[in-house]
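This report describes selected local features of one protein model. The sequence and structure come first, and the description follows.

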Amino acid sequence: MIECGRLLKNVSYEILRGGTERQISSIVYDSNAVEKDCMFICIAGANFDAHNVAAEVVEKGAAVLVVSREVEIPDKADVTVILVEDTRYARAFISAAYFGNPGDQLKVIGITGTKGKTTTTYLVKSILEHAGHKVGLIGTIEIIIGDEHIPAEHTTPESYDIQKYFRQMLDAGCDMVVMEVSSQGLMQHRSQGFLFELGIFTNIEPDHIGPNEHKDFDDYLHCKSLLFQQCKKGIVNCDDAHYRDIIKNCTCEVETYGFSREADLYADDTRLLQGKGYLGVSFQVRGMLDFPVEIHTPGRFSVYNALTAIAICRHFGVPVDLMQDALLTAKVKGRIELIKVSDDFTLMIDYAHNAMSLESLLTTLKEYHPKRLVCLFGCGGKRSKERRYKMGEVSGRLADLTVITSDNPRTEKPENIIADIKSGIEKTDGKYVEIIDRREAIAFVIRYGRPGDVIVLAGKGHEDYQEIDGKKYPMDERDIIQDVLAMRQQPPADGEMLAAGLD
């Protein structure tokens, strides 16, 4: 049990009823999880406002209510009611106090931006661990606490969960945390309650704009910029057209990185690398540091990711040779993940699941002048048809061959999703084949890979399942690839498919 007043130490509030000496057992904000003597925080969501069930929550045993407006509860109820301006904001500080303010005892690195967050968090974790730190991670794919890997539900969890993870990381011996900070997370104050050691901005492009997200690009940009009012030092990509808007209202010191020679840390002398079964890039770090880097992931965005990681890790005194070694060997599941299947051609798995990310990836790969660029992808069911048309058009325009297959059809028929994708491809001169079963499609592209080909399995990335009719079935593309190589499965190669461009 903990006294209510201790949890409100860093919160501005007014007591509407009762007193803050009440002892509470837990923090709850889900009306279905109320327990005796808990503090219940009323959150107004997009579809449900917990203020409307305040009386029910008190009846279930809540000892304290935290509200942002007056609520109706029985006069005889023995409950303390605390009024705050914003219950989401208050929840962050209450949660931090409940777990003993673990964020104040960890060096927390927060990375925001439209692209590059996930890859950069793993690169930073790898480099810092090479240097002897024990690093927790919170991001799109998972939460990592020591040897424990917890699948993520959101890029940035709710503030209560962040503080819970921080406490577990601290107890597990972590001294640092690297985390992705989404615009939604910033907008909903999930990352309040502590101060980031470093805040990083990678880039921004229109995204997450629509119902229950951001009303327009300006709102999206504003929410991203909030990170720089919550950190000790900011590190920003000065090549981005909007970087000055991002730091306009910052309250921290700022340094820059990028390709621009005006950046504090910049990449110079970039060169593409090709080897047996891999693509990479090398560059020279200039500015505040000066040393060469080689990475075995392709393209300009890989340089940005590596440079971001270097800009971060230099603040913790990581030796140059450790940075070089870590960047050469680091891999991020499902993010330009190169899978060695042959010395003759290159195969990779990537999460690209919209037209913008697919175009960026395929454009980068074309710079390596592959014999053929083969793109295998599908689209999710119960999602925008416009995405299907645009992804089809992008692949038809940029790939030499598109293999249309199934992704997560959910409750839609895969054939209907494929028909939508085809309508986009058919606006181009691109060749394509259809193979509904994704396992067969993967076997197909591996069996018919030619010397010099670059083959992309797009859309699934880190996902290790396929969702069909509301049920998730295990399906990891890495396992499928190994099965193809080990069992020599025969692909579904009829004459029409070969005529479409594989023979």
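A residue is called buried when its relative accessible area is under 20%, exposed when that area is over 50%, and partly exposed in between. The model discussed here is predicted.

**Helix α3 and the residues after it**

By that cut-off, helix α3 is mostly covered, with 10 of its 12 residues buried. The helix covers residues 87-98, and at 1.5 Å a residue it should span 16 Å; the C-alpha atoms at its ends are 16 Å apart, so the two values agree. Buried in α3 are T87, R88, A90, R91, A92, F93, I94, S95, A96 and A97. The elements that cover these residues include α1 (4-7), β4 (27-28), β5 (39-41), β6 (64-67) and α5.

At the start of α3, the backbone nitrogen of R88 has a side-chain oxygen of D86 within 2.9 Å. Just after the helix, G100 takes a positive phi of about 85 degrees. N101 also has a positive phi, of about 50 degrees, although N101 is not a glycine. N101 is placed in the loop between α3 and β8.

Most residues other than glycine have a negative phi. D37 is another non-glycine residue with a positive value, its phi being near 65 degrees. The table sets out the two non-glycine cases.

| Residue | Phi | Location | Relative accessibility |
|---|---|---|---|
| D37 | near 65 degrees | loop between β4 and β5 | 23%, partly exposed |
| N101 | about 50 degrees | loop between α3 and β8 | 25%, partly exposed |

**The 11-stranded sheet**

An open sheet of 11 strands has mixed pairing and runs in the order β11-β10-β9-β12-β8-β13-β14-β15-β16-β17-β18. Strands β11 (148-151) and β18 (291-295) are at the edges; each has a single partner strand, so one side of each has no neighbour in the sheet. From one strand to the next, the twist averages 20 degrees.

Helix α5 (residues 159-171) packs on this sheet and touches β8 (107-112), β9 (135-138), β10 (142-145), β11 and β12 (176-180). The direction of α5 makes about 30 degrees with that of β10. Helix α5 is also one of the elements that cover the buried residues of α3.

Within the sheet, strand β13 (residues 196-201) pairs with strand β14 (residues 231-237) in the parallel sense, over 5 bridges. In this pairing F201 of β13 stands opposite V236 of β14.

E197 is another residue of β13. Is E197 buried or exposed? Its relative accessible area is 18%, so E197 counts as buried. The side chains of E197 and K232 are joined by a polar contact of 3.1 Å. Apart from neighbours within four places in sequence, E197 is in contact with K107, V108, K232, K233 and F316.

**Strand β21 and its partners**

Strand β21 (residues 373-377) is mostly covered, and 5 of its 5 residues are buried. In a regular strand, side chains alternate between the two faces of the sheet. In β21, L373, C375 and F377 lie on one side and V374 and L376 on the other; all are buried, so both faces of the strand are covered.

Which strands does β21 pair with? One is β24 (residues 454-458), which runs parallel to β21 and is joined to it by 4 bridges. Here C375 stands opposite V456 of β24. The other is β22 (residues 401-404), also paired in the parallel sense over 4 bridges. In β22, V403 is the bridge partner of L376.

The chain path from β21 to β22 includes helix α12 (residues 385-398), and the three elements make a right-handed β-α-β unit.

**K472 in strand β26**

K472 lies in strand β26 (residues 471-474). Leaving aside neighbours within four places in sequence, its contacts are Y465, Q466 and E467. K472 and N408 are 64 residues apart along the chain, and their C-alpha atoms are separated by 8.9 Å.

Definitions and conventions. Residues numbered from 1 in each chain as written. Predicted model: local features only at pLDDT ≥ 70, side-chain atom pairs only at ≥ 80, totals over all residues. Heavy atoms only, no water. Buried < 20%, exposed > 50% of the residue type's maximum accessible area, 1.4 Å probe, protein only. Helix = DSSP H or I, 4+ residues; strand = E, 2+ residues; numbered from the N terminus. Pairing = 2+ DSSP bridges. Right-handed = clockwise from strand over helix to strand, strands pointing away. Axes fitted to C-alpha atoms, helices over the stretch in contact; angles between N-to-C directions. Contact = heavy atoms within 4.5 Å. Expected span 1.5 Å × (residues − 1). Polar contact = N/O pair within 3.5 Å; in protein donor to acceptor, adjacent residues only side chain to side chain.
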